[in-house]
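Got your viewer open and a selection box ready? Let's take a walk through this one, stop by stop.

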Amino acid sequence: MGICFRILLLFGSCWIISGEPLLLYANRRDLRIVDAAHEKANATVVVGGLEDAAAVDYVYSQGLIYWSDVSEEAIKRTFFNQSGASTAQTVVPGLAAPDGLACDWLGKKLYWTDSDTNRIEVAELDGSLRKVVFWQELDQPRAIALDPERGFMYWTDWGEVPKIERAGMDGTNRSMIINKDIHWPNGLTVDYDQQKLYWADAKHNFIHRSNLDGSSREVVVKGELPHPFALTLYEETLFWTDWNTHSIHSCRKQTGREQRIVHSHIFSPMDLHVFSPKRQPVLRSSPCSQNNGGCSHLCLLSPTRPFYRCACPTGVQLLENEKTCRDGATQMLLLARRTDLRQISLDTPDFTDIILQVDDIRHAIAIDYDPVEGYVYWTDDDVKAIRRSLLDGSDAQFVVTSQVNHPDGIAVDWIARNLYWTDTGTDRIEVTRLNGTMRKILISEDLDEPRAIVLDPVAGYMYWTDWGEVPKIERADLDGMERVVMVNTSLGWPNGLALDYDERKIYWGDAKTDKIEVLNMNGTGRRVLVEDKLPHIFGFSLLGDYIYWTDWQRRSIERVHKRTADREFIIDQLPDLMGLKATHVNEAFGTNRCAENNGGCSHLCLHTPQGVHCGCPNGLELISDLQTCIVPEAFLLFSRHTDIRRISLETNNNNVAIPLTGVKEASALDFDVTDNRIYWTDITLKTISRAFMNGSALEHVVQFGLDYPEGMAVDWLGKNLYWADTGTNRIEVAKLDGQHRQVLVWKDLDSPRALALDPAEGYMYWTEWGGKPKIDRAAMDGTGRITLVSDVGRANGLTIDYAERRLYWADLDTTLIESSNML
């Protein structure tokens, strides 16, 4: 009798098939279905345009087809109805080698094997509540088959000890049932009626069967199969795919006779299933069908009474009532892995790494966590930024995006709500609020290659490592003051740093000496904890009794007990490992005065051993109440070759560095008050640059044609930039952004030096250091030039008193400050 098979309505017409069975198979590039009753039947594409479809299965009662795509490292599914297959949907991303797949049509679950991570996992049919069932003693698991009515699952293993195992679908009652005369066990299928297990071996070229417990093993097809891959059953017929013949074959399941080619000329035949409700009989009731078995999360079928067991997603513990799961993990390990972030629950023994769903991670290095609000913070060396997101990957934000060069270390002050970081490019330690506002430079001197940074917010200290020419570990108060060198001997590349708050100890890992060492926080008791098999430590963290670290060379995450020195692997053979953080998920400890009303500070509250220190963001100054930051009305700017600094003329804060990078030899300096920008010349770089007072938006406005730009001034009315070049003997002008450049004065110039402008009157003034030193004046377009002061020495630092109409300068020869009128 003909039937109308609804999944084949792909072109608006019903494809009539006479008889059963229908075979659903993966063909790498697509999924197809073919009528096995017709020898010359053409296969119909169910889902096309795939990358590398390997395993396939279905849930007939819900109209779902699932498949694994090895190239896309995911499990996908599609719904089908009378209008055909729907758009493919990814249900399980982030897999490595999903070679086996099986659907539990009674418990409504999805099981799969991963031959790269060596795991067997389960999830709901939509991919949620994913759980690792087995992770130990697996070595390339491949095919997987389920017997939901009896609560068992079966799988093949291709590893060094090839075998077939079975266990309860809840992970209990695991046993090895076949381990002899087996090499490449590929296909696997269950005869539910006769309670037999069939498998194919691609090395020995046979198909065997046994009882479901592995006993009474028999030969079905002996040594005459080129390369059998997948197996399936329908009533009295056994079907299999063969890689060498590119075909689907069949035989009588009892005798192995009546072999025939069912379907041929297949591009790359992979997994195979009989598509029929007879292969998925539905029971009137299942242990998990009523109220999910009373389980808060996963209800997994079991071979023993009460024939089900409640389970939790990976990394989450089941409470003592054996029904309810905790609200997520309580302790975890966060991992930065160059192009992704991962989390590993420390609550359960499987240590499964789960990728955080955050886009566009280029080169993550350091990572930290705020247990109060649940944000993960990380540095990205490629995009030169500090970012954050919640643990589920949502609310991803850029926190710091400017003046970030090589951010190697990061640390969260969970009490004061501040974020600290080290930058080996700018050689600074900086702080900001956790949302990226109120940024302040704390330390910018005597730093060579600062890397790891950790905080003790309760005591008010920060610690950091520096693996420059003189490697050391330092400590300072959280406001950057009171620096103390803790360790500066027998260090190489001190990469990792961690604090034991309870026992008041400092731990560090050195990637050059290949040691993990410990020191009391008072500087005494230094000793080696681990010095064996530590080829290149990088990330480093401590939680409870364990120290965790990443190793670049071993591509591993390990941990060691801080007292017994017992070691164990958390993850092995995972490339591109960077920083890591072991942390409580929702538990924060300690307090200080910054916890209440921000310590009374208007901006940054920085707790120190002496109490609260209120800090001001770059560009602001602290007034006499020592709590309030303001924008100063008057300040003095001065250059010091490699940096530019500011002295407030109205508060008690002096000598503050402007956060600029790449300054080599700053010489002339000016300020545009209308735009709040600094302009300066660099006689080593031969450039003229500008930036805002907070150090942001740094740019070179003149980069070419300069030789020794000693004099420079801003025309704040005309929005032009003037400069005198001692090397080229020119005075030039351009717009403030460097465009429309023009030479104004070039004749009879002899080493022009300092330059000053009087835009209101339309004059410019400059000094010359040549054979006849002097001070000249001209209109701001270069015309009307006259000598104003002759017979001077090397006049430098030319400036104008606009109120009194006088010029002032410093004479380097007489070491005097002199002045004259401007006429």
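What follows is a set of stops, each with something to select and a note on what is there. Keep in mind that this is a predicted model.

**Stop 1: the nonpolar cores**

Start by selecting Tyr66, Ile75, Leu110 and Met153. These residues have the most contacts inside the largest nonpolar core, which has 53 residues. Now center on Ile75 and show what surrounds it. Setting aside neighbours within four places in sequence, Ile75 is in contact with Tyr66, Trp67, Ser68, Gln89, Thr90, Val91, Val92, Leu95, Leu101, Leu110 and Trp112. Apart from this core lies another one, of 32 residues; to find it, pick Ala26, Val34, Ala41 and Val47, which are among its members.

**Stop 2: two annotated stretches**

Next, select 287-326 and 593-630. An unreviewed UniProt entry lists both ranges under "domain: EGF-like". How much helix and strand do you get over residues 287-326? That stretch is 0% helix and 20% strand, with its end C-alpha atoms 23 Å apart. Residues 593-630 come out at 0% helix and 37% strand, and there the end C-alpha atoms are 22 Å apart.

**Stop 3: Arg362 in its loop**

Jump to Arg362, in the loop between β32 (353-355) and β33 (364-370). Is Arg362 buried or partly exposed? Its relative accessible area is 42%, so Arg362 counts as partly exposed, since that label covers the range between 20% and 50%. Show its surroundings: beyond residues up to four places away in sequence, Arg362 touches Arg338, Thr339, Asp380, Asp382 and Val383. Turn on side chains and you can draw a polar contact from the side chain of Arg362 to the side chain of Asp382, at 3.5 Å. For a C-alpha distance to try, pick Arg362 and Asp340: they are 22 residues apart along the chain and separated by 8.0 Å.

**Stop 4: Ala385**

Now select 385-390, which is strand β35, and zoom in on Ala385. Ala385 counts as buried because its relative accessibility is 1%, and the cut-off for buried is under 20%. Which residues is Ala385 in contact with, leaving aside neighbours within four places in sequence? The list is Trp378, Thr379, Asp380, Phe398, Val400, Thr401, Val404 and Pro407. Asp380 may ring a bell, as Arg362 touches it too. If you want another distance, Ala385 and Ala364 are 21 residues apart in sequence and 9.7 Å apart, C-alpha to C-alpha.

**Stop 5: a four-stranded sheet**

Switch to cartoon and find the open sheet of 4 strands, ordered β49-β50-β51-β52 with antiparallel pairing. Its edges are β49 (537-543) and β52 (567-571), each pairing on one side only. From one strand to the next, the twist averages 25 degrees. Inside the sheet, select 546-551 and 556-561: these are β50 and β51, antiparallel and joined by 6 bridges. Ile547 stands opposite Val560 in β51.

**Stop 6: β59 and its partners**

Finish at 644-648, strand β59, where 4 of the 5 residues are buried. Add β58 (635-639), which pairs with β59 in the antiparallel sense over 5 bridges. The hairpin of β58 and β59 has 4 residues between the strands, and His641 takes a positive phi there, near 65 degrees. Then add β60 (656-657), which pairs with β59 over 2 bridges, again in the antiparallel sense. Where do the bridges of Arg645 lead? Phe638 has Arg645 as its bridge partner in β59, while Ala657 is the partner of Arg645 in β60.

Notes. Residues numbered from 1 in each chain as written. Predicted model: local features only at pLDDT ≥ 70, side-chain atom pairs only at ≥ 80, totals over all residues. Heavy atoms only, no water. Buried < 20%, exposed > 50% of the residue type's maximum accessible area, 1.4 Å probe, protein only. Contact = heavy atoms within 4.5 Å. UniProt positions renumbered as here; feature names shortened; annotations may be inferred. Core = buried A, V, L, I, M, F, W, Y, C linked by side-chain atoms within 4.5 Å. Pairing = 2+ DSSP bridges. Axes fitted to C-alpha atoms, helices over the stretch in contact; angles between N-to-C directions. Polar contact = N/O pair within 3.5 Å; in protein donor to acceptor, adjacent residues only side chain to side chain.
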